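Student: I am new to this structure and would like a close look at a single part of it. Please take one helix and go through what packs against it.

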Amino acid sequence: MGAFYAKHACFHSFPFPGHGAIMSIVSEPHEAFHRGTAPIFALLTPEQTEKLSNLQVDSALDERLAELARKANEGGLAPAERAEYEGYIEANNLLAVLQAEARLRLSSRES
């Protein structure tokens, strides 16, 4: 699927509040992601973007994640624990991509 998107341009119109419709041809997935997250980052000051890029999990949550990961690896998660763990994984994935985008935007400001 990734090769398809890398080889073919995608045409989309995204209506973002206060931005009208954004229409363009995007040829690379990372460009589409960058453009798609632009309205989020437009809301943030450079200081807030910096804080987002450096955000860390608190120690209590880190311990809970380690416990759930251990149980998952041993095959001992209860259904409620599995749902909790999957929720943390989804949140972590979202945070990771937002942090990567924040770092990219911060580094491009420095250039």
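Tutor: What follows is a walk along one helix and its partners. The model is a predicted one. The part chosen is helix α5, residues 79-110. Two packed helices are described by the angle between their axes and the distance between the axes.

Take helix α4 to begin with, which covers residues 59-74. The axes of α4 and α5 lie 10 Å apart, at an angle of about 120 degrees. An angle of 65 to 115 degrees would count as roughly perpendicular and one over 145 as roughly antiparallel, and the pair is therefore oblique. The crossing of α4 and α5 is left-handed. On the α5 side the contact is made by E81, E84, Y85 and Y88. Facing them in α4 are L61, R64, L65, L68, A69, K71 and A72. By class, this contact holds 7 nonpolar and 4 charged residues, and no polar ones.

Some of these residues also line a pocket. The second largest pocket has a volume of about 200 Å³. Its lining includes L61, L65 and A69, together with Y85 and Y88. Also in the lining are L55, Q56, V57, I89, A91, N92 and L95. Both α4 and α5 supply at least two residues each, and the largest share, 6 residues, comes from α5. The lining has 10 nonpolar and 2 polar residues, with no charged ones.

L95 leads on to the next partner, as this residue of α5 is also among those that meet helix α3. Helix α3 spans residues 46-53, and its axis comes within 8 Å of that of α5. The two axes cross at roughly 130 degrees, which makes α3 oblique to α5. This crossing, too, is left-handed. From α3 come P46, T49, E50, L52 and S53. From α5, L95 is joined by L98, Q99, A102, R103, L106 and R109. The contact divides into 6 nonpolar, 3 polar and 3 charged residues.

The remaining partner described here is helix α2, residues 29-42. Its axis and that of α5 come within 11 Å and cross at roughly 85 degrees, so α2 and α5 are roughly perpendicular to each other. F33, H34, T37, A38 and F41 in α2 meet V97, L98, E101, A102, L104 and R105 in α5. By class there are 7 nonpolar, 2 polar and 2 charged residues in this contact. L98 and A102 of α5 thus appear in the contact with α3 and in the contact with α2.

Terms used: Residues numbered from 1 in each chain as written. Predicted model: local features only at pLDDT ≥ 70, side-chain atom pairs only at ≥ 80, totals over all residues. Heavy atoms only, no water. Axes fitted to C-alpha atoms, helices over the stretch in contact; angles between N-to-C directions. Helix = DSSP H or I, 4+ residues; strand = E, 2+ residues; numbered from the N terminus. Parallel < 35°, antiparallel > 145°, perpendicular 65-115°, else oblique. Left-handed = near helix turned anticlockwise from the far one by under 90°. Contact = heavy atoms within 4.5 Å. Nonpolar A, V, L, I, M, F, W, Y, C, P; charged D, E, K, R; others polar. 1 Å grid on protein atoms, 1.4 Å probe; cavity = no way out; pocket = protein on both sides within 12 Å on 5 of 7 lines; lining within 4 Å. Points joined across faces, edges and corners; volume = space filled by probe spheres on them.
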